[in-house]
Amino acid sequence: MSRDVVVLVPRMPDVASVARALAAVAPDLLVDASGAAGVTRLYASPDRPLLTIEEPILVAVPGEVARLLDEEVASRVTTPVWWLELRTTGPDPELAHRFAAALVEHLGGAWWPPR
């Protein structure tokens with residue numbers, strides 16, 4: 001089972017912010033940031049990816065978050081905002097939500113869908 005989560009943060013997530021969030025939720029996972037187009041993957045073992053973190057995208061158009069997601073999450077952020085997609089695969093579908101919550105704790109913002 002996979003789960004997609006969108007994280008919306010007011011500034012581009014830097015390496016330190018991502019590392020803090022990862023350490024908070026999954027300190028024992030292997031990290032591979034050598035993927036194409038800025039994709040980072042977390043693995044339990046080299047052949048078992050658990051979380052994919054897509055490259056952040058700047059959303060600068062007012063109303064775009066509401067159009068793409070919903071009004072409730074859009075009301076919690078202001079544009080411009082950085083859009084970061086997470087995808088979990090494997091036995092822990094809540095991993096993306098935990099990572100999203102940890103990243104938002106450090107940077108502010110919101111995530112969608114809510115738990």
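These exercises walk through strand pairing, a pocket and two peptide bonds in a predicted model.

**Exercise 1. Find which strands pair with β6, and how many bridges join each to β6.**

Solution.
- Step 1. Start with β1, residues 3-9. This strand runs antiparallel to β6, and 7 bridges join the two.
- Step 2. Go to β4, residues 48-53. Its pairing with β6 is also antiparallel, over 3 bridges.
- Step 3. Take β5, residues 57-59. Again the sense is antiparallel, with 3 bridges to β6.

**Exercise 2. Work out which residues stand opposite Arg87, Leu86 and Trp82 of β6.**

Solution.
- Step 1. Begin at Arg87. Asp4 stands opposite this arginine. Thr52 stands opposite Arg87 too.
- Step 2. Assign the strands. Asp4 falls within the range of β1, residues 3-9. Thr52 falls within that of β4, residues 48-53.
- Step 3. Move to Leu86. Its opposite residue is Ile53.
- Step 4. Finish at Trp82, which faces Leu58 across the pairing.

**Exercise 3. Decide whether β6 is largely enclosed or not, and say why.**

Solution.
- Step 1. Apply the cut-off: a buried residue has under 20% relative accessible area.
- Step 2. Count along residues 81-88. Of these 8 residues, 6 are buried.
- Step 3. Conclude. Strand β6 is largely enclosed by the rest of the structure because 6 of its 8 residues are buried.

**Exercise 4. Describe how β3 connects and pairs with β4.**

Solution.
- Step 1. Look between the strands. There are 2 residues there, and β3 and β4 form a hairpin.
- Step 2. Count the bridges. β3, residues 40-45, pairs with β4 in the antiparallel sense over 5 bridges.
- Step 3. Pick out a partner pair. Leu42 is bridged to Leu51 in β4.

**Exercise 5. Characterise the largest pocket: its space, its lining and the main contributor.**

Solution.
- Step 1. Take the volume. The largest pocket holds about 270 Å³ of space.
- Step 2. Locate the centre. The lining has 16 residues, and the closest to the centre are Val15, Val18, Gly38, Thr40 and Ile53.
- Step 3. Sort the lining by type. There are 11 nonpolar, 2 polar and 3 charged residues.
- Step 4. Name the main contributor. Helix α1, residues 15-25, gives the largest share, with 4 residues.
- Step 5. Link back to the strands. Ile53, one of the residues closest to the centre, stands opposite Leu86 in β6.

**Exercise 6. Locate Pro80 and Pro113, and state whether the peptide bond leading into each is cis or trans.**

Solution.
- Step 1. Recall the background. Most peptide bonds are trans.
- Step 2. Check Thr79 to Pro80. This bond is cis, with omega near 5°. Pro80 sits in the loop between α3 and β6.
- Step 3. Check Trp112 to Pro113. This bond is cis, with omega near -5°. Pro113 lies in the segment after β7.

Methods
Residues numbered from 1 in each chain as written. Predicted model: local features only at pLDDT ≥ 70, side-chain atom pairs only at ≥ 80, totals over all residues. Heavy atoms only, no water. Buried < 20%, exposed > 50% of the residue type's maximum accessible area, 1.4 Å probe, protein only. Pairing = 2+ DSSP bridges. 1 Å grid on protein atoms, 1.4 Å probe; cavity = no way out; pocket = protein on both sides within 12 Å on 5 of 7 lines; lining within 4 Å. Points joined across faces, edges and corners; volume = space filled by probe spheres on them. Nonpolar A, V, L, I, M, F, W, Y, C, P; charged D, E, K, R; others polar.
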